[in-house]
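Visitor: I am new to this structure and would like a close look at one part of it. Please take the second largest pocket and explain what surrounds it.

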Amino acid sequence: MTERDFEILEVLNKTKNITHAADLLYINQSALSKRIIAIEEELGVTLMVRSRQGIHFTAEGEKVLSYTQEAKKQLELMRIDLKEGSTVVSGTLKAGISINYSQYNLPQILSEYKKKFPNVTTHITTEYSRNIFLKIANGEIDIAVVRGEFPWNENKILLEEENICLIYNNSDIGKDLSDFQYIGRKTDVTFEREMAQWLRENDLKIKKKVYM
């Protein structure tokens, strides 16, 4: 078995579906099925069974999966240990960035980072802040850039603070804000909570809401 096989089993375990796993692994379904058969023949066990609901790992498959996950961790630790004595910064950085921050700030930051650390491979995930926090809490990523407060007891740095502004036309001066139509957008829970708090503090009740 190879590290690629470790990745194949990990993705299959997450998706429980051959087609979805093949898409994530950037190979066709036929090639993936052949590789599964080859691994099973090498180990002499059946790793998984298929049904209409997807794939299910056998008891032997679960055992193999456990070993490969541990082997993957040990290989990564070995690489880190071997590279610590090197003056060249290298390795893999897994980062999760909130959607809004990545849209406006990530391209420039990533460009500067790659210039400074060309030997580092970066894997970037963009998601809503809540999902990014869950990933770092579960050890799936190394660093997270999120919006709002989360129960994190390890190292954290405030990158920036932002204002939420209300803008309107001069012709609307003096009108009750509750009479305006509220145009919202799908966003993270933190922003929704801040908006709700601001509305309560200003005793405003939205009568008309439209979500984009």
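Guide: This is a predicted model. A good place to start is K94, which stands opposite H123 in β4. The two strands concerned are β3, residues 91–98, and β4, residues 120–127; they run parallel and are joined by 8 bridges. β3 also pairs with β5, residues 143–145, again in the parallel sense, over 3 bridges. In that pairing I97 has V145 of β5 as its bridge partner.

K94 leads on to the pocket itself. The second largest pocket has a volume of about 1,500 Å³. Its lining is made up of 28 residues, and those closest to the pocket centre are E10, K14, K72, K94 and E140. Both β3 and β4 give two or more residues to this lining, as do the helices α1 (3–15), α2 (18–25) and α4 (59–83). The largest share is that of α4, with 7 residues. Sorted by class, the lining holds 12 charged, 10 nonpolar and 6 polar residues.

The domains give the pocket its setting. The chain is divided into domain 1 (3–81), domain 2 (89–145) and domain 3 (170–211). The second largest pocket lies between domain 1 and domain 2, because both of them give residues to its lining. As for domain 3, its C-alpha centre lies 48 Å from that of domain 1.

Note on methods: Residues numbered from 1 in each chain as written. Predicted model: local features only at pLDDT ≥ 70, side-chain atom pairs only at ≥ 80, totals over all residues. Heavy atoms only, no water. Domains from an automatic or database assignment. Pairing = 2+ DSSP bridges. Helix = DSSP H or I, 4+ residues; strand = E, 2+ residues; numbered from the N terminus. 1 Å grid on protein atoms, 1.4 Å probe; cavity = no way out; pocket = protein on both sides within 12 Å on 5 of 7 lines; lining within 4 Å. Points joined across faces, edges and corners; volume = space filled by probe spheres on them. Nonpolar A, V, L, I, M, F, W, Y, C, P; charged D, E, K, R; others polar.
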